[in-house]
Amino acid sequence: MDKVIDHGQVAEHNAKLQQNLDADYAALGSILARRGQDIEQLTAKAQTFAVALPSWGVGTGGTRFARFPGKGEPRDVMEKLEDCAVIHQLTQATPTVSLHFPWDKSSDPAAMREFASKHGLGFDTVNSNTFQDQANQEQTYKFGSLTANAKAVREQAVAHNIECIELGRALGSKGLTVWVGDGANFPGQHNLRGALERYLDSMRDIYKALPADWLMYIEHKLFEPAFYATTIADWGTSYACANELGPKAKCLVDLGHHAPNTNIEMIVARLAQFGKLGGFHFNDSKYGDDDLDSGSINPFQLFLIFNELADVAQRDGDAFKPSYMLDQSHNVTDPIESLMSSAIEVQRSFVQSALVDRKALSAYQENNDVLLAAQTLKQAFRTDVSPILAMARARSGAAIDPVACYRATGYREKQATLRPPKAGASGSGIV
Ligand code: LRH
Ligand code: MN
């Protein structure tokens, strides 16, 4: 397995931190043992965790106001994969990359696949893009794509999604995420039912092109870029469409795509109950689709989502395999540092959800012992599982403290010299 970072540097970094980690791990182990929980089992569980990286997240993101590129930005998909390889090497929690087309379209998918597998990376769900017009594109998506009034526009959008499936197949991907920004800015701009009927017609054509072992993920979003009515605005519409389309259509929950204070963990429970929970785009937000680092604003919500996933796993067993992906925009931090930290925050909620004594919780719930039921969850959330996450990394050959190790390697500075900005090349893809 090729390593972007010299493995000796990781080993040297870990050697300095191992003794303290062993002490913290032993201390946590005895606390958990008193609760009847085995820290070794939890560490083994932590090592099974995996979340996909968004290829568009390794470049510096921005807003409609501005983007302030960082040093050593990746300038093409191969450099994006190189940065993803660093994140996986130092966390061992991000073995796959979710690509976005046409941003990541490459003339040589075989080279991408070879580079990725040499670095222990695979390709997760691919994302289509009918929310931007590409150069020399026939039809504009200004007034929608899969829902557009004009048949030629819808056909172009369907063809693009089918092309994404072909590109994804060449890379070993098994899923297509379809997010469309289609909607209206003014009441009366379009017929609300007509738009959804056209959406379903288009999606049926894309669904027909799905290989037998593929899934299609419908991603809902309350608003932006449409500011009055978004065609797929909420989980209910997404669920109805996934049901209408068939068993290979599932619903994808992007945490930032809801009105503030929406009970997202309940949406997760609902979609799982009806067998349509396909996956997640993890991030965090305070107001809109802020795409901030996962767990950075509302870590309790992230924990509660994983608590619902643990409940589903207890009911449905291993058959339940939702797709975990990060979808973030890093406007003021080093994207590699943010993605490493975010993967670990999602892993933290995954491990904390395993600390919940579900037997005791059900008993308190059945006996309406509200306070102890709530405290059963809080105890798990308040438990600092950092030693488990760090030990899982150390045992998987990753860095005990990925950000400190990454900074010590000077990787970003090195890339700043190796990757002089290419004219016009936009590292991230979002803006
Ligand atoms: C839309 C979205 C979608 C991606 C895009 C980059 O807001 O969450 O998942 O295609 O961000
Ligand atoms: Mn998303």
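Student: Which ligand atom lies 2.9 Å from a polar side-chain atom of Lys221?

Tutor: In general, a polar contact is a pair of N or O atoms within 3.5 Å. In this predicted model, the partner of Lys221 is an oxygen atom of ligand 1. Side-chain N or O atoms of His100 and His257 also lie by ligand 1 oxygens, at 2.7 Å and 3.1 Å.

Student: How much of ligand 1 does the protein bury?

Tutor: Accessible areas come from the Shrake-Rupley method with a 1.4 Å probe. Ligand 1 alone exposes 300 Å², and 94% of that is buried by the protein.

Student: And how many residues surround ligand 1?

Tutor: A residue counts if one of its heavy atoms lies within 4 Å. Here there are 12, with His100, Glu219, Lys221, Asp254 and Asp327 the closest.

Student: Which residues coordinate the manganese ion (ligand 2)?

Tutor: Donors are N, O and S atoms within 2.8 Å of the metal (3.2 Å for Na, K and Ca), and water is not among the atoms, so sites may look incomplete. Glu219 (OE), Asp254 (OD), His281 (ND1) and Asp327 (OD) coordinate the manganese ion at 2.1 to 2.2 Å. Their sequence spacing is E-x34-D-x26-H-x45-D.

Student: Any reading notes?

Tutor: Residues are numbered from 1 along each chain, chains are lettered from A and ligands numbered from 1 as written. Local features need pLDDT of at least 70 and side-chain atom pairs 80 or more, while totals for chains, interfaces and linings use all residues, and side-chain values use heavy atoms, without hydrogens and water.

Methods: A polar contact is a pair of N or O atoms within 3.5 Å; within protein, one must be able to donate a hydrogen and the other to accept it, and residues adjacent in sequence count only if both atoms are side-chain atoms.
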